[in-house]
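Colleague: I'm new to this one, and I'd like a close look at a single part. Could you pick a spot where two helices pack together and walk me through it, then show me what surrounds it?

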Amino acid sequence: MKNGKRIDNRLPNELRPIKFEVGALERADGSCYVEHGGNKIMAAVYGPRAVHPRHLQQANRAIIRYRYNMASFSVEERRRPGPDRRSIEISKVSREAIDPVIIKEFYPRSTIDIFVEILQADAGTRSAGINAASVALADAGVPMRGLISSCAVGKVDDTVVLDLVKEEDNYGQADMPVAMDVRTGEVTLLQMDGHLTLDEFEQALELGKIGCASIAKMQREALIQKYRGEEDE
Amino acid sequence: MKKQEKVDKTIVVPGDLLSEDAAKAAEGTYVENGKVYSLIYGLADEREKVRVIPLSGKYLPATGDVVVGMVSDISFSNWKVDINSPYEALMHISEYPRRIESSEMAKIMGVGDLAIFKVVDVDPSMKIELAPREGQLRVLRSGRVVEVSYTKVPRVIGRAGSMISLLKSKLDVNIFVGKNGRIWINGKVEDEDLAVKVIKRIEQEAHTSGLTDRITKLLEEEKHGVHEKR
Amino acid sequence: MNDVIAEIKRDYIYELAKRSERADGRALDEYRPIQVEVGLIGKAEGSARVKIGNTQVLVGVKVQPGEPFPDAPDTGVIITNVELVPLASPSFEPGPPDENAIELARVVDRGVRESGAIDLSQLTLPDGKVWLIFIDVHVLDHDGNLMDAAALGALAALVNAKKPCERYGYGPDAPLPIKESPVAVTAVDLDGEIMLDPSLDEETIASSKLTVISGLQGALAGMQKSGTGTLSVEEIARIVKLASSKAMQIRDDLFGGSTDG
């Protein structure tokens with residue numbers, strides 16, 4: 001960090017440029033493509049639909065499945081396709097981030113499948129994936145109490161900053177992805193990797209709330225725009 | 001589409017605040033701390049009650065619904081029917097108007113056959129039971145089925161059936177609109193083509209005002225050009 | 001349940017085929033609109049997104065130095081993979097590539113390899129290493145004819161690609177040595193009628209599918225028949241002729257007659 005500006009010239013509380021495209025896919029029930037800084041991510045939702053294998057189904061509610069997957073070409077060094085331990089963990093915490101707002105009881109014995117494909121990665125993929133997934137769920141007509149918004153906060157050069165970029169993620173002092181239902185302020189995802197004092201943590205959480213609030217606005221705008229776009233065709 | 005078509009309802013997303021009066025909450029909403037919020041991505045209808053009309057989503061059957069279903073499998077005593085819902089529906093062999101043996105089932109309705117059914121029961125675990133719509137089982141042996149989002153079916157029917165009457169009078173085809181978004185059309189191929197085109201247009205513009213007029217106009221224009229195609 | 005097609009839909013498509021017509025109004029040898037966009041994945045050394053109608057695939061080409069195969073020390077390596085990710089279709093399940101994904105990958109690979117599209121002998125590096133070329137096809141939306149979309153995406157991504165020489169200290173970046181331009185054209189046989197670029201329904205109903213990959217001069221670089229139906233020798237000859245000329249047309253439309261991307 002130099003003169004209060006970061007490696008990509010952003011201020012500590014500034015998000016990278018973000019763009020949402022709702023309904024980018026035909027086959028999926030709901031979909032959303034997001035570009036967040038250098039991240040390019042496609043999220044799609046199938047469901048509610050029948051669960052196979054049947055023994056996974058729950059008698060009185062839908063199950064939620066979330067699969068975060070990185071394309072081989074999404075990173076600097078070509079990655080072998082398929083889930084690795086990191087993808088599996090991210091899938092789990094991401095699912096747990098969105099599950100709380102979905103009204104699963106409306107759809108017993110079914111599954112709502114969320115797929116997030118990372119086409120290009122540039123730090124903060126799990127958060128961007130969750131943002132896209134929330135919009136895709138809304139696009140699919142899944143009933144939810146609210147949209148979940150996510151961003152990552154971190155610490156670079158002893159300063160708490162919002163939305164780490166790759167270099168900041170690699171050389172920074174802390175990385176803290178967070179997700180929340182912005183309307184209620186309820187936190188649904190919280191992970192921290194690195195070193196933060198209690199004070200820094202509180203700052204980071206506050207910054208995270210502000211970041212998520214901005215993103216929630218964008219998610220909402222994108223959904224409303226899709227409709228407007230259909231009208232103006 | 002021209003820009004003067006406007007939506008007469010507000011677009012909302014899950015979590016949007018709709019009203020501070022909990023008593024007004026209706027479909028597509030939920031109440032929290034006395035306030036009404038949207039549960040879905042849809043159009044908010046804020047007249048007497050506050051409800052949100054879905055723009056997308058899966059069809060959930062209710063008793064009494066009449067649907068177009070496709071047989072996906074046959075077991076010893078049930079036809080398994082795909083009704084374009086997360087849930088498979090069953091028509092029990094005993095629902096067939098006359099007594100038949102299990103071995104006759106496939107001949108009456110085989111895998112891949114479509115028919116018009118009535119939903120006679122939906123239990124809490126979403127087990128769905130079907131029966132023929134009324135008396136005879138109507139298996140659809142010709143024509144085509146168009147699928148639209150079930151959320152657009154009310155628009156295809158229109159207020160007091162205005163849209164569907166218009167279609168039936170101007171299009172030279174038999175039309176049956178299933179509550180599950182499956183619409184059966186039967187006639188000459190060119191006429192079916194036009195019907196499909198018109199229905200798809202209704203689906204796309206369902207949320208706009210003045211649609212009935214535009215569709216009337218489209219039908220007039222197409223009627224003159226229709227026999228030149230194909 | 002997704003794989004059952006309504007009988008009346010089947011009948012309708014066959015009826016149309018008898019009259020040499022198709023459900024979406026296309027001519028028998030007409031392709032849906034093809035869109036190719038290159039360079040969208042900056043992290044990949046080459047990339048392309050291909051849309052044929054609603055079918056959409058994203059291909060990333062990664063080029064990295066690595067060890068050659070022991071029996072071919074002076075030859076570059078091509079590795080092709082296709083991911084039929086579940087978001088692309090309700091019938092795709094998560095997991096390792098199934099027989100469909102593997103078939104797609106191997107046919108695309110054959111087309112690139114057998115046509116000599118890349119001169120593998122020009123991929124050697126000073127330190128005994130060679131360039132490894134990874135062609136990764138990520139299917140995003142399946143609405144029929146993944147084969148042609150994947151093959152086209154692979155070609156476009158390869159043409160778009162640059163060897164990252166600078167990053168590894170091998171001098172300035174340079175394009176891959178592309179010598180040929182293989183284009184795949186897929187046909188289905190519906191009760192004797194041959195149709196190119198099958199839609200999802202046509203593909204599901206047809207008993208046989210034949211993909212023909214041809215190069216710049218019309219020479220054949222690959223073929224693959226799939227499906228449980230049969231094709232007569234005469235039908236095959238017809239398809240090959242149709243496919244070769246269609247491939248030229250597609251190549252001209254997209255690459256303007258050259259492979260300069």
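Modeller: Let's begin with a bit of vocabulary: an angle under 35 degrees counts as roughly parallel, over 145 as roughly antiparallel, 65 to 115 as roughly perpendicular, and the rest as oblique. Keep in mind, too, that this is a predicted model.

Now for the helix pair. In chain C, helix H2 covers residues 99–114 and helix H3 covers residues 146–160. Their axes come within 10 Å and cross at roughly 45°. H2(C) and H3(C) are therefore oblique to each other. As for handedness, the crossing of H2(C) and H3(C) is right-handed.

Which residues actually meet there? On the H2(C) side you'll find C:Leu104, C:Val107, C:Val108, C:Gly111 and C:Val112. Facing them from H3(C) are C:Leu146, C:Met147, C:Ala150, C:Ala151 and C:Ala154. Sorted by class, the contact of H2(C) with H3(C) has 9 nonpolar residues, 1 polar and no charged.

Stepping back from the helices, chain C also touches its neighbours. With chain A, 27 residues of chain C are in contact with 24 residues of chain A. Three strands of chain C, namely S3 (55–66), S4 (77–83) and S5 (130–141), each supply at least two residues to the side that touches chain A. S5(C) provides the largest share of that side, 5 residues. The side of chain C that touches chain A is mixed in class, with 12 nonpolar, 9 polar and 6 charged residues.

With chain B, the contact takes 7 residues from chain C and 12 residues from chain B. Here the side of chain C divides into 6 nonpolar, no polar and 1 charged.

Since we've reached chain B, let's look inside that chain as well. Chain B is divided into domain 1 (10–54), domain 2 (66–140) and domain 3 (144–228). The C-alpha centres of domain 2 and domain 3 of chain B lie 27 Å apart, and 9 residues of domain 2 are in contact with 9 residues of domain 3. On the side of domain 2 of chain B that touches domain 3, strands S7 (66–74) and S10 (114–122) of chain B each supply at least two residues. S7(B) gives the most, with 3 residues. By class, that side of domain 2 of chain B has 7 nonpolar, 2 polar and no charged residues.

To come back to where we started, the thing to find on screen is the oblique pair H2(C) and H3(C), with C:Val108 and C:Ala150 among the residues that meet.

How values were computed: Residues numbered from 1 in each chain as written. Chains lettered and ligands numbered in written order. Predicted model: local features only at pLDDT ≥ 70, side-chain atom pairs only at ≥ 80, totals over all residues. Domains from an automatic or database assignment. Contact = placed C-beta atoms within 7 Å. Helix = DSSP H or I, 4+ residues; strand = E, 2+ residues; numbered from the N terminus. Nonpolar A, V, L, I, M, F, W, Y, C, P; charged D, E, K, R; others polar. Axes fitted to C-alpha atoms, helices over the stretch in contact; angles between N-to-C directions. Left-handed = near helix turned anticlockwise from the far one by under 90°.
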